[in-house]
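Q: I have just opened this model and would like to be taken through it. Could we begin with how the helices pack?

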Amino acid sequence: MIVAEQKPLAEIKEMLEAYQKVLVVGCGTCVTVCLAGGEKEVGILASALRMATKLDGHGVAMDEVTVQRQCEWEYIDPLRERLTDYDAILSLGCGVGVQTLAERFPGKRVLPGLNTKFMGLPIEQGIWEERCQACGDCILDLTGGICPIARCSKQLLNGPCGGSQNGKCEVSKETSCAWQLIWERMTALGMLDRLMQIQPPKDWRTSRDGGPRRIVRDDLRLPEEYRD
Amino acid sequence: MTNTATNGYKASSNLERVLTKGYFAVTGELGPPKSQDAEVIRKKAALLKGVVDAVNLTDNQTAIVRMSSIAAGVLLVREGLEPIIQMTCRDRNRLAMQADLLGACALGIKNVLCLTGDHQSFGNHPFAKNVHDVDSLQLIQIVKGLRDEGKFQCGEEIKGGGPRFFIGAAANPFGDPFEYRPYRLAKKAAAGADFIQTQLIYDMPRFREFMKRVVDLGLHEKVKILAGVGPLKSSGAAKYMRDQVPGMIVADEYVDRMEGAVAGIPKEDKKGRAAAWRAAGIKICIEQIQQVREIEGVAGIHIMAIEWEEAVRPLVEGAGLLPRPVVD
């Protein structure tokens, strides 16, 4: 899932300086699961901001709403009429959610309350780790199900580098060396000979390097008269 | 189309000729200055002339910005020494790499060491984006393709044949997983590496074990392996390397010997302590050179006397490796 974290309160307060009435919009999907922007977090943040801005002498009126998913028009369209009451929207959705709101309601100031971090999973309660970089050309079959693009600090396809020590990456002792993990997994699978093959340079066109990406599924598109 | 102007050698660099003729090679290293001061290079070059077969120029080592390896290499060529330029995968994509290699060749450089590169978080610009468009294995293949096929990485032919380099790579006998390291060296040999320089050795048993496995795989016949050695400057330097440098192992024996060297010299006598440390550092290094010469598969040494280029001559001389061979 998409994993995000709330911005520091001071940063959010500064963003709200110019505004009197703000709607805090949460999202019921990824950011609820990673406990950053769901209904509960919206409530807590809105309270904190009411108090903090009041103490500053500039009380901002904050209302709350949480939609099922901030990244789809059909879930945010019902907000349209309500928005006329507000100066600004503070989105607690991921970066996609923020932009979806901004694009759908171009007359409204939409501010990001979260820092979207990565695609990953909770490895235990309270700890999330990055697992996928959306490179667009998945090679997990070659590395025993462990991604070197997302998990190797240098995105090596023929790792490890010389900085791998005791299974840890030179960048941080909290980061496992992805290639140590790959080597162990491939050994367990009896596939070490695969690691002796030299992987050629990656085609980065399918990744963000090729430009902002797009998928068109003609088999799923509506006839013109039914499109938005 | 291959370039036949190299007398049967791949690049006809001095290092290549020395190794091909079976001499025990000696390479040195020079860290370019953190400025545009060419005089620094000239001064260091003077200390290394006639003492080593070729000199590495590091490439933003430890992710700290310094004069570029190629620029420093050109200055070295002008001083009559032979450079080995280093190229990391951290700072350049495949376009910049190939462009730089074309330029390096045009400017008289014949050896290149292909490296991954320390992560930028270690250096003075940790905010930077890193590149890693290709990794060191792929870079070796690219350089080989330029030389032996006369083609760019995209497959396009280079008019008149491509630049000819003697291709180097690094090996770290002290990195993990230890069992995999000899196989990674095998991959580099298969990719086209001609010579290998190892990380600094301060754990001789582990290095011996590594070389045993390398020889078992027959790799010493495919690539020329130069053992990395360097004189310790002080017990503080020894501890720093043991504790702070990624991928390095320093046996306590070396730290102890360095500490022992200043036993009895009062702390206020800074000059005395420094001199004692330096003497011990050089003595230990000469012993190490003699030890690695006896290990099967070692074709030479790579001396890394960091910010202490004056130590290289006494080391090479003390190990009985002067004068350096002149091979036509």
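**Helix packing and the chain contact**

A: In this predicted model, α4(B) and α5(B) are oblique to each other, because of the angle at which they cross. The axes of α4, residues 94-106 of chain B, and α5(B) cross at roughly 45° and come within 11 Å.

Q: Is that crossing of α4(B) and α5(B) left-handed or right-handed?

A: The crossing of α4(B) past α5(B) is right-handed.

Q: Which residues meet there, from α4(B) and from α5(B)?

A: From α4(B) come B:Arg94, B:Met97, B:Gln98 and B:Leu101, and they meet B:Leu139, B:Ile142, B:Val143 and B:Leu146 of α5(B). By type, the residues of this contact are six nonpolar, one polar and one charged.

Q: And α8(B) with α9(B): at roughly what angle do the axes cross?

A: Helix α8 (residues 235-244) and helix α9 (residues 252-261), both of chain B, have axes that cross at roughly 160° and come within 8 Å. Angles over 145 degrees count as roughly antiparallel, and α8(B) and α9(B) are therefore roughly antiparallel to each other. Their crossing is left-handed.

Q: Which residues of α8(B) and α9(B) meet?

A: On the α8(B) side they are B:Ser235, B:Ala238, B:Lys239 and B:Arg242, while α9(B) brings B:Tyr254, B:Val255, B:Met258 and B:Glu259. The contact of α8(B) with α9(B) divides into four nonpolar, one polar and three charged residues.

Q: Changing topic, how many residues does each chain give to the contact between chain A and chain B?

A: Chain B gives 26 residues and chain A gives 23 residues. On the side of chain B that touches chain A, the elements giving two or more residues are α5 (136-149) and α6 (181-191).

Q: Which of the elements gives the most to that side of chain B?

A: That is α6(B), with four residues. The residues on that side of chain B comprise nine nonpolar, eleven polar and six charged.

Q: Stepping back, how many helices and strands does chain B have?

A: Chain B has eleven helices and eight strands. Its radius of gyration is 19 Å, close to the 20 Å that the globule rule gives for 328 residues, so chain B is as compact as a globular protein of that length. Along the principal axes, its C-alpha atoms fill a box of roughly 65 × 45 × 40 Å.

Q: What percentage of chain B counts as buried?

A: Of its 328 residues, 51% count as buried. Among the contacts in chain B between residues at least 6 apart in sequence, 79% join residues at least 24 apart.

Terms used. Residues are numbered from 1 along each chain as its sequence is written. Chains are lettered from A and ligands numbered from 1 in the order in which they are written. This is a predicted model: local features need pLDDT of at least 70, side-chain atom pairs count only at pLDDT 80 or more; totals for chains, interfaces and linings use all residues. Two residues are in contact if their C-beta atoms, placed from the backbone, lie within 7 Å. Ala, Val, Leu, Ile, Met, Phe, Trp, Tyr, Cys and Pro count as nonpolar, Asp, Glu, Lys and Arg as charged, and the others, Gly among them, as polar. The radius of gyration is taken over C-alpha atoms; the globule rule is 2.2 Å times the number of residues to the power 0.38. A residue is buried if 20 or more other C-beta atoms lie within 10 Å of its own, exposed if 12 or fewer, and partly exposed in between; C-beta atoms are placed from the backbone. Axes are lines fitted to C-alpha atoms, for helices over the stretch in contact, and angles run from 0 to 180 degrees between N-to-C directions. Angles under 35 degrees count as roughly parallel, over 145 as roughly antiparallel, 65 to 115 as roughly perpendicular and the rest as oblique. A crossing is left-handed if the near helix is turned anticlockwise from the far one by less than a right angle, and right-handed if clockwise.
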